[in-house]
Each structure stands twice: as structure tokens, then as C-alpha cells.
Amino acid sequence: MSIIEKEHYNKGDLVIVDDKKGFREIAVVLSATIPMYHRKYEFYQVFSVREGHVYIVPCDLVQGEIKI
């Protein structure tokens with residue numbers, strides 16, 4: 001198993017989401033990018049494997065893709 005950092009993650013990628021403040025999840029990317037109305041920030045919609053919840057997270061919180 002390895003972690004690969006990419007500039008852009010695609011739908012279906014298994015990734016690590018980490019905010020460096022205690023929130024750390026293994027998630028699957030559901031939507032590649034979600035631009036907000038002001039188009040300043042990009043977000044990913046992800047599904048948490050452990051919690052079973054859908055989150056919208058800023059792109060910079062996705063730390064890398066898990067390759068098995």
C-alpha cells in the first residue's frame with residue numbers, strides 16, 4: 001500500500017482527508033471539484049469509508065490517494 005500525492009483527484013479515488021487538527025478519514029471521491037459561487041475555492045465531495053457520511057472538503061485537505 002502506498003500514498004500518491006496528485007494535483008487533482010478523480011471520481012472514485014480512495015484518498016486520505018486530514019485537516020491536521022484531529023479530523024482524519026479514508027474516503028472515496030464522489031465529485032472531482034465543486035467550485036463555489038465566487039469560484040475562489042475548489043472542494044471535493046467525498047464519502048467517508050469509516051463513518052458512512054458524505055462530506056464536502058476543501059481540496060487542500062486531501063493528502064493523497066491510497067494505492068493498494
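**Exercise 1. Find which residues are linked with Lys6, Asp13 and Glu65 in a network of salt bridges.**

Step 1. Keep in mind that you're working with a predicted model. Look for side chains that can pair: opposite charges can do so when their charged atoms come close.

Step 2. Start with one pair. The side chains of lysine 6 and glutamate 65 meet in a salt bridge, at 2.9 Å from N to O. This pair ties together distant parts of the chain, 59 residues apart. Lysine 6 sits in the loop between strands S1 (2–4) and S2, while glutamate 65 belongs to strand S6 (residues 62–67).

Step 3. Now add the rest: the network links Lys6, Asp13, Glu65 and Lys67.

**Exercise 2. Decide whether lysine 6 and glutamate 65 are buried, partly exposed or exposed.**

Step 1. You need the cut-offs: buried is under 20% relative accessible area, exposed is over 50%, and partly exposed is in between.

Step 2. Lysine 6 has 31% relative accessibility, so it's partly exposed.

Step 3. Glutamate 65 comes in at 6%, so that one is buried.

**Exercise 3. Work out which salt bridges aspartate 18 forms with lysine 20 and arginine 24, and how far apart the closest N and O atoms are.**

Step 1. With lysine 20, the closest N and O atoms of the salt bridge are 4.0 Å apart.

Step 2. With arginine 24, aspartate 18 forms a salt bridge at 3.3 Å.

Step 3. Check the surroundings. Aspartate 18 is buried, because its relative accessible area is 10%. Lysine 20 is exposed at 63%.

Step 4. Zoom out: the count of salt bridges comes to 7.

**Exercise 4. List the residues of the largest nonpolar core and say which strands supply at least two of them.**

Step 1. Recall that in soluble globular proteins, nonpolar side chains tend to be buried together.

Step 2. Here the largest core has 9 residues: Tyr9, Val15, Val17, Ala27, Val29, Tyr44, Val46, Val57 and Val62.

Step 3. Strands S2 (14–18), S3 (24–35) and S4 (42–48) each supply at least two of these.

Step 4. Pick valine 15 and look around. Leaving aside neighbours within four places in sequence, its contacts include Tyr9, Ala27, Val29 and Val62, along with Glu25 and Glu65.

**Exercise 5. Name the residues that make a nonpolar surface patch of about 230 Å².**

Step 1. The patch is made by Leu30, Phe47 and Val54.

Step 2. Take phenylalanine 47, which lies in strand S4. Its relative accessible area is 34%, so it's partly exposed.

Key:
Residues are numbered from 1 along each chain as its sequence is written. This is a predicted model: local features need pLDDT of at least 70, side-chain atom pairs count only at pLDDT 80 or more; totals for chains, interfaces and linings use all residues. Side-chain values use heavy atoms; hydrogens and water are left out. A nonpolar core is a set of buried Ala, Val, Leu, Ile, Met, Phe, Trp, Tyr and Cys residues joined through side-chain atoms within 4.5 Å. Buried means under 20% relative accessible area, exposed over 50%, partly exposed in between (1.4 Å probe, protein chains only). Helices (H or I, at least four residues) and strands (E, at least two) are DSSP runs, numbered from the N terminus. Contact means heavy atoms within 4.5 Å. Patches are made of residues with over 30% relative accessible area and no salt bridge: like charges are joined within 9 Å, nonpolar side chains (Val, Leu, Ile, Met, Phe, Trp, Tyr) within 5 Å. Accessible areas come from the Shrake-Rupley method with a 1.4 Å probe; for residues, only the protein chains shown count as cover.
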